Amino acid sequence: MKFQIPIGPQHPALKEPISIRLTVEGEVIKDADLRLGYNHRGVEKLAEEKSWIQNIYLCERICGICSHSHATCFVQGAEKLLEIEPPRRGVYLRYLVSELERIHSHLLWLGVAGHEAGFDTFFMYTWRDREVVMDLLEMISGNRVHYAINTLGGVRRDIDETLRGKILEGLAVLKARSEYYFKIGAAEPTFVARLAGVGPLTKQQAMDYCAVGPMARASGIDRDVRKNDPHDFYNEVEFDVATADSCDVLGRTIVRIKELFESYKICEQILQKLPDGPIAVKAPRRAKPGEVVSRYEAPRGENIHYIVANGSDKPERLKVRAPTLANYPATIEILKHGFIADVPLIFAAIDPCICCAERSVELVDARSGEERTLRFSDLRRMANDRARSLSLQRNVAWPL
Amino acid sequence: MFERVIRWSRKKSPWILHLNSGACNACDIEVVAALTPRFDVERLGVLLKATPRHADVIVATGPVTRQLRDRIIRIYDQTPDPKFVIAVGACAMSGCVYRGAYNICGGLDQVIPVNIYIPGCPVRPDAILDGVVKLLNTL
Ligand code: SF4
């Protein structure tokens with residue numbers, strides 16, 4: 001006997017509107033289907049009407065957790081098109097905020113994971129500590145969430161000696177707290193038992209379904225834009241790519257905790273090496289015609305912006321591929337053999353950022369002009385068909 | 001007398017429903033942050049509820065996307081009377097940066113009546129606290 005269970009778009013287990021349709025047999029999920037589009041606002045279209053500088057603030061508002069990621073990804077690309085080079089100090093400050101944002105995002109995620117696993121104390125703990133990094137971000141940029149620190153050709157605010165001291169202090173506090181979490185993760189048997197073995201995704205599957213970010217790294221793939229295709233800043237600091245090979249929600253937790261430590265390391269190095277000089281250069285208003293692909297490792301995985309310039313003061317096209325979107329196919333695969341009770345946990349483990357991923361899933365048939373919104377199952381089927389028809393290339397090893 | 005008891009209980013324990021109508025997530029996170037130890041609205045008797053049928057106050061964020069419009073109206077209808085709506089963030093007030101996008105209705109008050117607006121992009125948790133207290137004072 002098969003049943004269909006619709007979850008969402010407004011549902012207690014989901015913080016954002018998305019709809020999941022599960023086909024279950026008893027407790028076991030046989031099929032899953034995602035319906036997107038509840039949060040689609042039309043950011044990409046809107047970007048075509050705004051100037052380069054306005055678009056930074058629009059991109060920031062694609063998502064509220066990785067706001068700096070989208071803004072930086074856009075700015076990186078736009079700077080290439082505008083042919084300007086931000087000064088060293090500006091770059092350092094920009095990536096300082098990046099790493100602090102990663103810390104805040106991972107702490108937030110740890111809390112959510114604890115909450116979904118029924119460990120609410122952990123949720124309260126991590127969110128309390130998250131306020132420390134929020135304070136740091138507020139001191140640096142003036143706002144808690146949308147920092148608006150990026151500008152074309154650098155950053156908008158400088159830091160001074162006192163602030164530098166405060167950031168180091170804050171980092172020390174956070175480090176001590178994270179060590180505590182590390183121990184909880186390693187020693188709390190019930191918590192670990194709840195996470196271990198849930199939502200398995202083998203290395204092969206992770207590759208087939210193009211998982212990104214902590215999802216991929218927890219399956220033993222050490223793929224990180226900061227190492228593989230870095231902005232030259234990341235060559236100047238030392239850090240490791242955190243991986244785990246347990247391929248389950250536990251692994252994803254471990255990866256994120258390890259990444260916290262890497263981010264602390266990077267922040268400290270930035271503050272030690274912080275070069276002197278200006279923080280921004282003046283940017284021209286118009287960009288020469290051209291196109292650029294900009295990649296950036298957001299807390300959730302690889303973020304891609306594709307920007308086309310046509311010589312005016314506005315971009316002609318902006319395409320955003322957010323990491324969550326890349327992780328959906330893998331999630332469907334994971335959900336398929338899980339239990340209903342694990343759905344929130346599995347879903348939380350990809351750290352979904354639905355508003356990020358709500359880009360158009362609309363295809364226009366060129367001949368009939370007919371529009372159809374693709375259901376996820378169709379998308380997946382199309383992707384599978386495509387993968388099969390490319391059978392020659394299937395055994396190509398990942399060149400890393 | 002009975003009226004007074006009801007009013008007292010309403011004032012002392014407003015249960016809220018958090019509704020995301022296409023927000024960028026930042027406001028939602030700040031709403032959740034308002035529930036965590038630093039700000040802790042729970043000490044004012046505010047409790048986050050999962051279903052609209054249990055809630056008194058709808059805390060809504062976001063500029064209302066077309067897809068969600070009917071659902072928001074449905075959720076509003078499901079909430080028992082008396083109900084109050086708090087519009088959190090510049091988006092819920094007027095659409096914020098998304099104003100003019102093809103897929104949004106531009107503000108919560110285009111679809112359902114709103115009692116209190118809390119400005120900010122995103123709003124600070126302290127502002128949310130302040131808004132909740134102001135709402136309670138009007139009861
Ligand atoms: S008001 Fe600002 S922070 Fe809040 S949801 Fe809208 S864009 Fe995001």
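**Exercise 1. The interface of chain B and chain A**

Determine how many residues of chain B and of chain A are in contact, and what area the two chains bury between them.

*Solution.* Begin with the contact count: in this predicted model, 37 residues of chain B are in contact with 39 residues of chain A. Next, take the area, which comes to about 3100 Å² buried between chain B and chain A, with 61% of it on carbon and sulfur atoms. Then turn to the specific interactions across this interface, where four salt bridges are found together with eight residue pairs in polar contact, both residues of each pair being at pLDDT 80 or more. The side of chain B that touches chain A can now be traced to its elements: strand S1 (15-20), helix H2 (26-33) and helix H3 (66-78) of chain B each supply at least two of its residues. Among the contributors, H2(B) gives the largest share, five residues. Sorted by class, finally, the side of chain B that touches chain A consists of 23 nonpolar, nine polar and five charged residues.

**Exercise 2. Salt bridges between and within chains**

Describe the salt bridge of Asp135(A) with Arg38(B), and then examine the one that Asp240(A) forms with Lys265(A).

*Solution.* The closest N and O atoms of Asp135(A) and Arg38(B) lie 3.0 Å apart. This pair crosses between chains, since Asp135(A) belongs to helix H5 of chain A while Arg38(B) sits in the loop between H2 and strand S2 (47-49) of chain B. Asp135(A) counts as partly exposed because its relative accessibility is 24%, within the range from 20% to 50%, and Arg38(B), with a relative accessible area of 39%, is partly exposed as well. Another salt bridge joins the side chains of Glu138(A) and Arg124(B), at 2.6 Å from N to O.

For the pair in chain A, the closest N and O atoms of Asp240(A) and Lys265(A) are 3.9 Å apart. Asp240(A) is in the loop between helix H10 (225-228) and helix H11 (249-273) of chain A, Lys265(A) is in helix H11 of chain A, and the pair, 25 residues apart, links distant parts of the chain. Asp240(A) is partly exposed at 46% relative accessibility, and Lys265(A) is partly exposed at 32%.

To complete the survey, note that the structure holds 31 salt bridges over all chains. One of them pairs Lys336(A) with Glu333(A), whose closest N and O atoms are 3.9 Å apart; Lys336(A) and Glu333(A) are both buried. Salt bridges with shared partners also join Glu99(A), Arg102(A), Arg217(A), Asp224(A), Arg226(A), Glu259(A) and Glu297(A) into one network.

**Exercise 3. Two residues in loops of chain A**

Decide whether His146(A) and Tyr209(A) count as buried or exposed, and name the contacts of each.

*Solution.* His146(A) is located in the loop between helix H5 (120-141) and strand S4 (150-151) of chain A. With a relative accessibility of 2%, under the limit of 20%, His146(A) therefore counts as buried. Leaving aside residues up to four places away in sequence, His146(A) touches residues of chain A, including Glu60(A), Arg61(A) and Cys63(A), and residues of chain B, including Cys24(B), Ala26(B), Cys121(B) and Pro122(B).

Tyr209(A) is placed in the loop between helix H8 (203-208) and helix H9 (213-218) of chain A. Its relative accessibility of 19% is also under 20%, so Tyr209(A) counts as buried. The side chain of Tyr209(A) makes a polar contact with that of Glu333(A) at 3.1 Å.

**Exercise 4. The nonpolar cores**

Identify the members that touch the most others in the largest nonpolar core, and state which helix supplies the largest share.

*Solution.* This core has 77 residues, of which Leu96(A), Leu100(A), Ile103(A), Ile140(A), Ile159(A) and Ile167(A) touch the most other members. Its largest share, 12 residues, comes from helix H4 (residues 88-116) of chain A. Taking Ile103(A) as an example, and not counting residues up to four places away in sequence, the residues it touches include Val133(A), Leu171(A), Leu174(A) and Leu260(A). A second, separate core of 40 residues draws on both chains, including Cys63(A), Ala71(A), Ile29(B) and Tyr98(B). For chain A as a whole, 56% of its 400 residues count as buried.

How values were computed. Residues are numbered from 1 along each chain as its sequence is written. Chains are lettered from A and ligands numbered from 1 in the order in which they are written. This is a predicted model: local features need pLDDT of at least 70, side-chain atom pairs count only at pLDDT 80 or more; totals for chains, interfaces and linings use all residues. Side-chain values use heavy atoms; hydrogens and water are left out. Contact means heavy atoms within 4.5 Å. Buried area is the accessible area (1.4 Å probe) that two parts lose on being put together, summed over both. A polar contact is a pair of N or O atoms within 3.5 Å; within protein, one must be able to donate a hydrogen and the other to accept it, and residues adjacent in sequence count only if both atoms are side-chain atoms. Helices (H or I, at least four residues) and strands (E, at least two) are DSSP runs, numbered from the N terminus. Ala, Val, Leu, Ile, Met, Phe, Trp, Tyr, Cys and Pro count as nonpolar, Asp, Glu, Lys and Arg as charged, and the others, Gly among them, as polar. Buried means under 20% relative accessible area, exposed over 50%, partly exposed in between (1.4 Å probe, protein chains only). A nonpolar core is a set of buried Ala, Val, Leu, Ile, Met, Phe, Trp, Tyr and Cys residues joined through side-chain atoms within 4.5 Å.
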